[in-house]
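Here are some exercises to work through with the model open beside you. Try each task yourself before reading its solution.

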Amino acid sequence: MATVFFPTLVRQQTGGLAQIEVSGATVGELIIGIEARFPGISKHLLRPNLAISVDDEVTPLGVLEPVRPDSEVHFIAAISGG
Amino acid sequence: MSTTYNVIGTRPIRHDGADKVTGRALYGADLQLARMIHGAILRSPHAHARILRIDTSKAEALPGVFAVVTAADFPPAPADKIVDFGEGDTLLSSLRGNILASGKVLYSGHAVAAVAAVNAHVAAEAAALIEVDYEPLPCVLTAPEAMAPGAPILHDDLPNGNVAELIRYEMGDLAAGFAEATVIVERELDTATVHQGYIEPQNATAFWSSDGRIHIWCSTQGSFVARDASAAVLDVPVSQVKVTPMEIGGGFGGKINVYLEPVAALLSKKVGRPVKLVMSRRDVFTGTGPTPGSRVRVKIGVNDAGKITAAQAWLAYEAGAYPGAMVGPGAMTVFACYEIENVLIEGFDVVVNKPSTSAYRAPGAPNSALATETVLDEIAEKLGLDPLDLRLRNAAKEGTRRADGPRYKRIGCIEVLEAMKASPHYNAPLPGPNCGRGVAIGFWFNAGLPSSATLSVNADGTVNLIEGSTDIGGSRTSLSMQAAEVLGLRAEDIHPTIVDTDSVGYTGVTGGSRTTFSTGLAVHDAAQMVVEQMKARAARLWAVDEVAFSNGTFSGNGQSLTFAELAAQLGATGGPVSCSATVNPKGVGGSIAGLIIDVQVDPETGKTDVLRATSVQDAGKAIHPAYVEGQMQGGTAQGIGWALNEEYFMDAAGDMRNGSYLDYRMPTALDLPMIETIIVEVPNPGHPFGVRGVGEANIVPPLAAVANALYRATGKRLNRVPMNPATILGL
């Protein structure tokens, strides 16, 4: 199962849980699984200013990005640069 | 990944060099169109005020005036509509509100209305005739003041007063980490608002045709972003807008947002003629986005072995009038150069009555690195360690997890530090009294984002390159070199052209140090397609199944043709060859940069002379080393100006009192020595040539390196940037 890390400020939605293992073939499927356990959490994860990192790379595919059973998923501040 | 190249790593002359040095290159202000008229913007004299009434009648009655627009001319849109620019999202209400104020003005210089007239002088005269009744409100100018209880509130719809967003990254056990430390240092430092300082002011010309099509010519880092933002503001489909990017006289992040484009379009719609708007220097300072002022507090604990056991940061960045300070990247980079197990980072995005901030070279990172790198300098001194050795003991490497979560892939932090330590500069003695040497390092992520390119083979064996990346730092050539490398040609055989948004596939901004990486990937992929098509032509010509290609020569079954020879036969073998590629890549490689700087301080006047500076940066692979060196020198020069001199000097009413280059003191060639460069090459595995972006990381170390050098020269740990004579003398 992939490991999803919750941003610190989202952990109030998870009772303080920092990470969770969840099944799914894409980031979107992982979020569906997380939403089932923590209703309402997806709107805190899928925000305009958050980017999704899968296996240490920000993905341009977002929720459509495929994940492996040993993948790590993080939600980090979206960055472009100057 | 091949490491032997024919073109990459060489220094051909730039393709646009003749146009630039002879004045033929066309910038936005040069544009002349039939029946074109000129515009002017009326800006707020108040930093914070309610708009009670706008009366445009006198302006409209002035002979030579064609039209006046205000925010009321924007089409209606839902207040919570979000505009997706692919690299970040913005509330439409904020985007529009910054272009033309509605309800309230939020900074001195905030645009309120615009006029189109027969010439710029009449337009300016008419703008002055617009009557605006304001109800002045108290203003707040710094993040700490804006966060204080009872501070004037800018926006009623933010849930936490003037704090638009809180960011928090946490890793390990902070208390346990500090308990392990034998040396703990905590410092709080302030930085002032500074501007990117590009030479060319913002400009835009727009023509809203009677068929509904809008054509915009402007100075922008991203024609597609300018198109998308203008379309959103004007509430028209993106296909209705065409943006032609003119040559750009610098941007550094400041020419990603739109300011004038939608206004020129609105005026043109009313008039039916092209309308040109060009900012003055004061308009640029007060009406566009500088980089945030900030307060950063950093606490670091280190054990006897020189290993960082815990690190804590608190960052408050001034967003300016609308949310969006670069505190996110500031928080993500504050400890990014180091492997630290126990970390807590809190960042606050705070609105204040200053111009809405925008990106500036590694946005947010220099502010936070200033605190980390000066605290580490102090710790090294307390431990009796060489400051580079302390950093080497803690340097991030492949597999190091950043506090925001992801782990590094291959990264050159150790290599940059070792290059600094081995450099002639670091091992040279200081020249005399009141001198000091400082070092610092910094990290920037760099960006990916979509890019497109088309290559068309000419019968004479040259290749036309069509692309959409604004050329700020020599990207015509760095892209052409990548095509030439794949095609076995010379850089001079590639003819690059930057075209409008109707003429090339979507291409993101020239920003995030991404163009040579991302657009380079698109060029690389298109060039590979060209090779495959050319091989098919040779196979047809020779009636063979397989054709090899190496160093610009096709061969098969004992026969061979150079690229140019085969290109001459394309017409007879099936027609022209033209290939396009669009990429949206992963594999971005972050870059580490370091700076060694020597200063001398006059103890009587507090004046600082920069004696010597050496910039060191991991480029991955330097496609054109001279352009990489130019980026390193440019970022270093800007960082030194930020460290020593530059600031928005605001009076208590929030008015900028130094809005000209006479008074806003940027370093010139007379202020700086020749900046030495050391390019480190730790190839990025995510790019076929190993490219990392090089445009930004170099501005991260200078603030801290200068502060550390000044400490060694004066014995004072300064806590405020700019470290100008007044700060140094404690006046």
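**Exercise 1.** Leaving aside its neighbours within four places in sequence, which residues is Gly436(B) in contact with?

*Solution.* Keep in mind that this is a predicted model. Start by placing the residue: Gly436(B) sits in strand 18 of chain B, which covers residues 435–444. Next, look up its contacts beyond the local stretch, which are Val599(B), Ala709(B), Leu710(B), Tyr711(B), Arg712(B) and Ala713(B). Then check the burial: a residue counts as buried if 20 or more other C-beta atoms lie within 10 Å of its own. Gly436(B) has 21 such atoms within 10 Å, so it is buried. Finally, try a distance: from C-alpha to C-alpha, Gly436(B) and Val610(B) are 9.9 Å apart in space, with their positions 174 residues apart in sequence.

**Exercise 2.** Work out how helix 12 and helix 13 of chain B pack.

*Solution.* Two packed helices are described by the angle between their axes and the distance between the axes. Here helix 12 (residues 387–394) and helix 13 (residues 413–422) of chain B meet at an angle of about 160°, and their axes are 10 Å apart. Angles over 145 degrees count as roughly antiparallel, and therefore helix 12 of chain B is roughly antiparallel to helix 13 of chain B. The crossing is left-handed. From helix 12 of chain B, the contact uses Leu388(B), Arg391(B) and Leu392(B), while helix 13 of chain B brings Ile414(B), Leu417(B), Met420(B) and Lys421(B). Sorted by class, these contact residues are five nonpolar, two charged and no polar.

**Exercise 3.** Describe the contact between the two chains from the side of chain B.

*Solution.* Begin with the count: 36 residues come from chain B and 18 residues from chain A. Now ask which elements of chain B take part: strand 9 (163–171) and helix 10 (327–333) each supply at least two residues. Strand 9 of chain B gives the largest share, five residues. By class, this side of chain B holds 16 nonpolar, ten polar and ten charged residues.

**Exercise 4.** Characterise the fold and dimensions of chain A.

*Solution.* First list the elements: chain A has two helices and five strands, in the order β-β-α-α-β-β-β along the sequence. Then compare radii: a compact globule of 82 residues would have a radius of gyration near 12 Å, and chain A agrees with its 12 Å. Along the principal axes, the C-alpha atoms of chain A fill a box of roughly 40 × 25 × 15 Å. As a last step, note that 32% of the 82 residues of chain A count as buried.

Key:
Residues numbered from 1 in each chain as written. Chains lettered and ligands numbered in written order. Predicted model: local features only at pLDDT ≥ 70, side-chain atom pairs only at ≥ 80, totals over all residues. Axes fitted to C-alpha atoms, helices over the stretch in contact; angles between N-to-C directions. Helix = DSSP H or I, 4+ residues; strand = E, 2+ residues; numbered from the N terminus. Parallel < 35°, antiparallel > 145°, perpendicular 65-115°, else oblique. Left-handed = near helix turned anticlockwise from the far one by under 90°. Contact = placed C-beta atoms within 7 Å. Nonpolar A, V, L, I, M, F, W, Y, C, P; charged D, E, K, R; others polar. Rg over C-alpha atoms; globule rule 2.2 N^0.38 Å. Buried ≥ 20, exposed ≤ 12 C-beta atoms within 10 Å, placed from the backbone.
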